[in-house]
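Please open the structure in the viewer and keep the sequence panel visible. The tour below proceeds by selection, one residue at a time.

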Amino acid sequence: MAEQHAHDSHCGIKHYTNTEMIVREDILKKAKELGELISTSDEVRIYQQAEKQVASHAHVQSLIQAIKKKQKEAVAFESFQNPEMVKKIEAEIDALQDELDGIPIVSQFKQSQEDINYLLQLVIKVIRDTVAEKITVEEGQVEQTGCG
């Protein structure tokens, strides 16, 4: 028999693969609305301000470029199997990273990234918990049950 979009599955329940899944339009609309709300949150506004400050701060940018250059050097010395130089360069990278991390706007930027990540994780948890009130959900997977 030709493959259908909805396959008869265990116990006569229709089964859809990820590529065949049809998401209800109203769910997508609400998800986009939620995305818009999050994008106008204080956490995102603070992140955007911090990002602009980091991008326009000459010393921060020079440190970032120096770190990138040192990372490339370390990779090159690793390919030449020169562990002494790799260790020396990694120490230099650590020193540059410490200097970078000591700049207040960098700390603010990192904190704002953590705040947004926390907000997104919280939203995901609330959605998962809300769905879990209706069905058994574990780590984003719907529990498979047998038929009686």
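Select Ser-41, which counts as buried at 13% relative accessibility, because the limit for a buried residue is under 20% relative accessible area. The model on display is a predicted one. Ser-41 lies in the loop that joins helix H1 (25-39) to helix H2 (42-56). Now display side chains and add Glu-43 to the selection: the side chains of Ser-41 and Glu-43 make a polar contact at 3.3 Å.

Move next to Gln-81. Which two helices does the loop holding Gln-81 lie between? The loop is placed between helix H3 (58-79) and H4. Is Gln-81 buried or exposed? With a relative accessible area of 71%, Gln-81 is exposed, because that category begins over 50%. The backbone also merits inspection here: phi of Gln-81 is near 55 degrees, a positive value in a residue that is not glycine.

Finally, select Ile-93, a residue of helix H4 (residues 83-101). Ile-93 is buried, and its relative accessible area is 12%. Which residues should be displayed around Ile-93, once its neighbours within four places in sequence are left aside? Please show Ile-67, Lys-70 and Gln-71, with which Ile-93 is in contact. To conclude, draw a distance between the C-alpha atoms of Ile-93 and Ala-74: the separation is 9.3 Å, for two residues that stand 19 residues apart along the chain.

Conventions. Residues are numbered from 1 along each chain as its sequence is written. This is a predicted model: local features need pLDDT of at least 70, side-chain atom pairs count only at pLDDT 80 or more; totals for chains, interfaces and linings use all residues. Side-chain values use heavy atoms; hydrogens and water are left out. Helices (H or I, at least four residues) and strands (E, at least two) are DSSP runs, numbered from the N terminus. Buried means under 20% relative accessible area, exposed over 50%, partly exposed in between (1.4 Å probe, protein chains only). Contact means heavy atoms within 4.5 Å. A polar contact is a pair of N or O atoms within 3.5 Å; within protein, one must be able to donate a hydrogen and the other to accept it, and residues adjacent in sequence count only if both atoms are side-chain atoms.
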